[in-house]
Amino acid sequence: MTRRTEWSEPAPGFGAEPHPWQAGGFADGPESGPESETEAEFRSGARRGAGPGTGFGGGAGFGEGASRRSRSRSSGSPSSSRAEKGEPRDPVEQARNICLRLLTGTPRTRKQLADALRKREIPDEAAEEVLSRFEDVGLIDDAAFADSWVESRHHGRGLARRALARELRTKGVDSAVIDEAVGQLDPEREEETARELVERKLRSTRGLDRDKRLRRLAGMLARKGYGEGMALRVVRQALEAEGEDTEGLDEPF
């Protein structure tokens, strides 16, 4: 009896084209570093170099001949190795690809991108050309970044103007741009957010003595950038609403 062998179908999605880049909002987790290589670029480079004997769609490519070719390629110069991977030799093109990768999924400031290019040893002239071009077409916009950052972090984390300004400074945003962005938050809105933060935390402090509750609640607001005067006023009013004796709580904590 002749046994017939049936080959299984390839797994769904194998060999499919990569998804196009999609813009997104802020990622609150770690930022992707410039050293990362995307799967899309790897597959793209592989397809450009595909052919007989390469192992990407070619017929031959295994055995002694392939081993000799592999040894020959591995002994080549770093530049030829980069060319085989599909990486551009032109520093301007390298800088452009790095910036596009880093802008995928989350906005970034000009300084963040400049730092990434410096780590990849992109020449300053090429980096400046690409960064300026990206600013011209609106892919880099520190003012829009700062506005969105303030709105997102105030609503999402309850951060006050002082904390928001500190975060934007670490991202290289200009001081004038920071001042304009945090100016979106008027004092009334900031105090309202402080009250909401205290209300959420208040229940977990019940059972503690008054001074400990004060330190815990006011300390929480201070870590989020709220000034001492506002923090003390908001906490005192919240404790009064619960029937706590707040005499003497006007003193700085």
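## Helix α10

In this predicted model, helix α10 covers residues 187–202. Its 16 residues should span 22 Å at 1.5 Å a residue, and the C-alpha atoms at its ends are 22 Å apart, so the two values agree. At the N-terminal end, D186 acts as the cap of α10, with a side-chain oxygen 3.1 Å from the backbone nitrogen of E188.

Seen from its buried side, α10 contributes E190, E191, T193, A194, L197, V198 and L202. These buried residues pack against four helices: α7 (142–157), α8 (161–170), α11 (210–223) and α12 (228–241).

## Helix α12

One of the partners of α10 is α12, a helix of 14 residues. From first to last C-alpha α12 reaches 20 Å, close to the 20 Å expected at 1.5 Å a residue. After α12 comes G243, which has a positive phi near 90 degrees.

The buried residues of α12 are M230, A231, L232, V234, V235, R236, A238 and L239. They pack against α10 and α11.

## Nonpolar cores

In soluble globular proteins, nonpolar side chains tend to be buried together. Here the largest nonpolar core has 18 residues. Within this core, the residues with the most contacts are A194, V198, L202, L217, L221, Y226 and V235. Helices α10, α11 and α12 each supply at least two residues of the core, and the largest share, seven residues, comes from α12.

Another core, of 17 residues, lies apart from the largest one; among its members are I98, A116, A127 and V130.

What does V198 touch, not counting residues up to four places away in sequence? V198 touches L217, M220, L221, V234, V235 and A238. Of these partners, V234, V235 and A238 are among the buried residues of α12, while L217, L221 and V235 are listed with V198 among the residues with the most contacts inside the largest core.

## R110 and its surroundings

R110 is found in helix α5, which covers residues 110–119. Is R110 buried or exposed? Its relative accessibility is 17%, so R110 counts as buried, the cut-off for buried being under 20%.

The side chain of R110 makes a polar contact of 2.6 Å with the side chain of E135. Leaving aside neighbours within four places in sequence, R110 is in contact with E128, L131, S132, E135, I140 and D142.

## The aromatic pair in α7

The chain has one aromatic pair. It is formed by F145 and W149, whose rings are stacked, 5.7 Å centre to centre with 15 degrees between the planes. Both F145 and W149 are buried.

The two residues belong to helix α7 and are four residues apart, so about one helical turn separates them. Helix α7 is also one of the helices against which the buried residues of α10 pack.

## The chain overall

The chain has twelve helices and zero strands. Of its 253 residues, 32% are buried. About 16400 Å² of the chain is exposed, and carbon and sulfur atoms supply 49% of that area.

Among contacts between residues at least 6 apart in sequence, 65% join residues at least 24 apart. The contacts of V198 with L217, M220, L221, V234, V235 and A238 and those of R110 with residues including E128 and E135 have been described above.

Definitions and conventions: Residues numbered from 1 in each chain as written. Predicted model: local features only at pLDDT ≥ 70, side-chain atom pairs only at ≥ 80, totals over all residues. Heavy atoms only, no water. Expected span 1.5 Å × (residues − 1). Buried < 20%, exposed > 50% of the residue type's maximum accessible area, 1.4 Å probe, protein only. Contact = heavy atoms within 4.5 Å. Polar contact = N/O pair within 3.5 Å; in protein donor to acceptor, adjacent residues only side chain to side chain. Areas by Shrake-Rupley, 256 points an atom, 1.4 Å probe, with all protein chains shown as cover. Core = buried A, V, L, I, M, F, W, Y, C linked by side-chain atoms within 4.5 Å. Phe/Tyr/Trp six-rings, centres within 6.5 Å; stacked < 30°, edge-to-face > 60°.
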